Amino acid sequence: MAATVWSAFEPIDKRLFRCDYSDVAVLGKAVTRGPAWLPFGLAMHIVNGAIFGLAFHEARRRVTIEPRRLALRMALAEHMALYPLGYFVDRYHPARGEAGIPPLLTNARAFGQATARHALFGIVLGRLAR
């Protein structure tokens with residue numbers, strides 16, 4: 001659910017940050033360049049969110065941190081750990097420079113966008129975990 005909210009937030013944060021970065025496009029256009037990139041990208045993004053949710057569930061059982069704080073911290077930690085991989089998207093993604101995949105993904109606006117998205121994901125996941 002949290003990954004679906006994130007995906008729905010993308011058009012809004014693209015305008016707010018003035019950056020055409022889309023995680024759904026990065027995922028979907030890595031698999032296909034045709035019109036099916038959107039459903040593929042959404043499906044992959046939702047599966048990634050579900051896997052993260054399973055990791056959160058296991059972490060929640062092992063630590064005493066309040067679930068909302070844990071979800072937010074884990075989401076932001078994932079962001080900080082994975083954001084540097086944007087370098088490889090910038091260099092090797094087959095659709096770099098196309099809509100949703102700006103030619104320089106490792107810029108301040110894209111970083112802010114990704115931070116906001118991960119924070120939203122963590123907040124939604126934490127609320128759903130009650």
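Two residues are in contact when heavy atoms of theirs lie within 4.5 Å. The exercises below apply to a predicted model.

**Exercise 1.** Determine which residues Arg33 contacts, leaving aside its neighbours within four places in sequence.

*Solution.* Step one is to locate the residue: Arg33 sits in the loop between α2 (23–31) and α3 (37–62). Step two is to list its partners beyond those neighbours, which are Pro94, Ala95 and Glu98. Step three turns to a single atom pair: the side chain of Arg33 reaches the backbone oxygen of Pro94 at 3.0 Å.

**Exercise 2.** Classify Arg33 as buried, partly exposed or exposed.

*Solution.* The relative accessible area of Arg33 is 46%. Buried requires a value under 20% and exposed a value over 50%, with partly exposed in between. Arg33 is therefore partly exposed.

**Exercise 3.** State how far apart the C-alpha atoms of Arg33 and Leu125 are.

*Solution.* Along the chain, 92 residues separate Arg33 and Leu125. In space, their C-alpha atoms are 31 Å apart.

**Exercise 4.** Describe the surroundings of His118, beginning with its place in the chain and its accessibility.

*Solution.* First, His118 belongs to helix α6, which spans residues 108–128. Second, its relative accessibility is 9%, so His118 counts as buried. Third, with residues up to four places away in sequence not counted, His118 touches Trp6, Ala75, Leu76, Glu78 and His79. Fourth, the side chains of His118 and Glu78 are joined by a polar contact of 3.2 Å. Finally, the side chain of His118 also reaches the backbone oxygen of Ala114, at 2.8 Å.

Conventions. Residues are numbered from 1 along each chain as its sequence is written. This is a predicted model: local features need pLDDT of at least 70, side-chain atom pairs count only at pLDDT 80 or more; totals for chains, interfaces and linings use all residues. Side-chain values use heavy atoms; hydrogens and water are left out. Helices (H or I, at least four residues) and strands (E, at least two) are DSSP runs, numbered from the N terminus. Buried means under 20% relative accessible area, exposed over 50%, partly exposed in between (1.4 Å probe, protein chains only). A polar contact is a pair of N or O atoms within 3.5 Å; within protein, one must be able to donate a hydrogen and the other to accept it, and residues adjacent in sequence count only if both atoms are side-chain atoms.
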